[in-house]
Amino acid sequence: MASSRLFGAGARFSHSAIVLPAPRHRFASRRSGYAVAAKAHLNENREYVIVGGGNSAGYLAHAFAEKGLADGKLCIVAKETVPPYERPALTKAYLFPLDEKPARLPGFHTCVGSGWERQTPEWYKEKGIELLQGTTVSGLDIAASTLETSSGDTIKYGNLIIATGCTAARLPEKIGGNLPGVHYIREVADADSLVASLVRAKKAVIIGGGYIGLEVSAATSSWNIDTTVVFPEPHVMFRLFTPSIAKHYEKFYEDRGVKFVKGPVVSKIVSGSSGRVEKVELSDGTTLEADVVVVGIGAKPAIGPFVDAGLATAEGGIQVDGQFRTSVPGISAIGDVAAFPLKMYGRTTRVEHVDHARKSALHCANALLETLTDPYDYLPFFYSRVFENSKSSRKLWWQFYGDNVGESVEFGDFNNKYGAFWIDDGRLKGVFLESGSPEEFALLPKLARAQPSIDKARLQSVSSVEQALEIASKQVGSPPATAAAVG
Ligand SMILES: Cc1cc2nc3c(=O)[nH]c(=O)nc-3n(C[C@H](O)[C@H](O)[C@H](O)COP(=O)(O)OP(=O)(O)OC[C@H]3O[C@@H](n4cnc5c(N)ncnc54)[C@H](O)[C@@H]3O)c2cc1C
């Protein structure tokens, strides 16, 4: 497990920062449509520089502003050309059919996902936060405390915070991974391109049975597009769901016309005479017709320039301690890219979920801006929501907290409310709930954090979610979420 002893002293730098434009692009760093010339000291006072501009960067900016420390001190260097937004929306309300009022920016800029202020371009301007958008960082010089951009500019930083997230894993070009009509979804531009394809699509093949595959296939089915999901594992959400949990979800999708092809992998994506995708060939010889293909086969941490510069790595990401400090003093990493000590379970991990992106940003801000902060103590939390558009007869909304280790016990009725506990060594380690009430969902983190001892035989005899939650709640002394009687 990573521990803070592995890391440097975390010295804080407060250089007076300067930007050194490459001669051929004298004003290149001001070229973005959204770049905000907030203050007279633009480009001269980059005490804190965030590389990223996604979910965690938006929350970090929020924290700086809350502490009154944003003005003139903070700069965000971002590849995308829009300010930070709540990325999960891209495969949810963004993909609603066009007559269903789909979400569009500026509606879901951070931090609306937490019920906080919507940070529009004007918000950044008001707070004196510099946004260098459409700017990709391609190099890091640790000795000089500078970043190099792909257009050749050099940006000097005081403290650096890496918040570059992940990029979608791609299928190789030689098997058709880059054909027109083949989509990957990570950024808002990807979602726009997918929507443009969906408008004329009749048959969709979704590759991957994880979060992206399930969210996108729910969306394409609500567009009345004939949808097939292909993946090599025996069931959907293979890393989290048990086979019996997965069965309920698969049936729900199948009842709405979605087909699943489990086992084979994609061997080739083939284009038609127009050059656009026409069919997908599978390793078992099956051919699926498709005029749109969405690939959701995982993501890779965007760590290139930083690893090249010598930052320590772990779990495919950038290694940090419980304060999000990397192996180099003055450089932190947050969100999807950070491999951090998961204190509860005594291991180092990376988490590619928005709850961690938000919390790691807020924790990092405290570590950078306050004198003393306890080490990050994260409780893993995953969720998804699908079939939320107004034509859907039912929405699915599940949440999971904790660790899916040990044996699982399921309870409730999937047609109404359904859940599962993972029990290891007689203790509750993971809790899963589909279609709970807000009070019941709010109870889950308390249970997963407390890890109460659970009588498995008693749990197996319950018939409802309410009863199961009451049994667990009593063990931690919390009141149950509802007043249901336990038999
Ligand atoms: C389509 C989709 C749906 C999701 N749904 C859910 C969900 O339902 N629930 C959930 O918990 N999580 C979900 N997630 C995961 C969640 O969105 C991420 O965990 C979260 O966005 C991570 O935040 P981040 O700031 O680390 O990275 P990101 O939000 O990905 O931001 C990283 C930013 O850095 C930029 N960047 C990368 N490299 C560079 C560079 N060299 N120079 C400059 N900029 C760079 C990128 O362009 C990007 O804008 C979803 C993710 C996606 C893609």
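**Cores, strands and ligand shell of the predicted model**

The largest nonpolar core of this predicted model comprises 73 residues, and Val 293, Val 294, Phe 421 and Val 431 have the most contacts inside it. Helix α4 makes the greatest contribution to this core, giving six residues. Because both domain 2 (173–296) and domain 3 (381–484) supply residues, the core lies between these two domains. A further core, set apart from this one, holds 58 residues, including Cys 75, Trp 123, Ile 303 and Tyr 378. As a general background to such clusters, nonpolar side chains tend to be buried together in soluble globular proteins.

Val 294 is a handy place to start exploring. Leaving aside residues up to four places away in sequence, Val 294 touches His 183, Ile 185, Leu 194, Ala 204, Ile 206 and Val 216. The strand to which it belongs, β17 (residues 292–295), is covered on both faces: Val 292 and Val 294 lie on one side, Val 293 and Val 295 on the other, and all are buried. Strand β10 (residues 182–184) runs parallel to β17 and is joined to it by three bridges, with Tyr 184 having Val 295 as its bridge partner. Strand β11 (residues 203–207) is also parallel to β17, here through four bridges, and Ala 204 stands opposite Val 292.

For the protein as a whole, ten helices and 28 strands are found. Buried residues account for 47% of the 487 residues. Of the contacts between residues at least 6 apart in sequence, 65% link residues at least 24 apart.

A second set of parallel strands is built around β8 (residues 159–162). From this strand, Asn 159 and Ile 161 point one way while Leu 160 and Ile 162 point the other way, and all are buried. Strand β8 pairs with β2 in the parallel sense over four bridges, and Leu 160 of β8 faces Val 49. Strand β21 (residues 331–333) likewise runs parallel to β8, joined to it by three bridges, and Ala 333 in β21 stands opposite Ile 162.

Strand β2 (48–52) also takes part in the surroundings of the ligand, as one of the elements that give two or more residues to the shell; the others are α1 (55–66), β3 (74–78), α4 (211–222), α7 (354–369) and β24 (381–386). In total, 37 residues surround the ligand, and the closest are Gly 54, Ser 56, Gly 165, Gly 335 and His 353. By residue type, this shell divides into 17 nonpolar, twelve polar and eight charged residues. Helix α4 thus appears in two settings, giving residues both to the ligand shell and to the largest nonpolar core.

Elsewhere, four strands form an open sheet with mixed pairing, in the order β19-β20-β22-β23. Its edge strands, β19 (313–314) and β23 (347–349), each pair on one side only. Within this sheet, β20 (residues 317–319) and β22 (residues 338–342) run parallel and are joined by two bridges, with Ala 338 in β22 as the bridge partner of Ile 318.

The loop between β20 and β21 deserves a closer look. Val 320 lies in this loop and counts as buried because it has 33 C-beta neighbours inside 10 Å. Not counting residues up to four places away in sequence, Val 320 touches Arg 325, Thr 326, Ser 332, Ala 333, Ala 338, Ala 339 and Phe 340. One of these, Ala 339, is 19 residues from Val 320 in sequence, yet the two are 5.9 Å apart in space, C-alpha to C-alpha. Phe 324 is found in this loop as well. Its phi is near 65 degrees, a positive value in a residue other than glycine, and Phe 324 counts as buried because 29 C-beta neighbours lie inside 10 Å.

A few further backbone features are worth noting while browsing the model. Ser 145, in the loop between β5 (137–141) and β6 (146–149), has a positive phi of about 50 degrees although it is not a glycine. With 20 C-beta neighbours inside 10 Å, Ser 145 counts as buried. Two cis peptide bonds can be inspected in the model: one runs from Leu 105 to Pro 106, with omega near 15 degrees, and another joins Thr 110 and Cys 111, with omega about 10 degrees. Pro 106 lies in the loop between β3 and α2 (121–127), and Cys 111 has its place in the loop between β3 and α2 too.

Methods:
Residues are numbered from 1 along each chain as its sequence is written. This is a predicted model: local features need pLDDT of at least 70, side-chain atom pairs count only at pLDDT 80 or more; totals for chains, interfaces and linings use all residues. A residue is near a molecule or strand if its C-beta atom, placed from the backbone, lies within 6 Å of it. Ala, Val, Leu, Ile, Met, Phe, Trp, Tyr, Cys and Pro count as nonpolar, Asp, Glu, Lys and Arg as charged, and the others, Gly among them, as polar. A residue is buried if 20 or more other C-beta atoms lie within 10 Å of its own, exposed if 12 or fewer, and partly exposed in between; C-beta atoms are placed from the backbone. Two strands pair if DSSP finds at least two bridges between them. A nonpolar core is a set of buried Ala, Val, Leu, Ile, Met, Phe, Trp, Tyr and Cys residues joined through C-beta atoms within 7 Å. Domain bounds come from an automatic or database domain assignment. Two residues are in contact if their C-beta atoms, placed from the backbone, lie within 7 Å.
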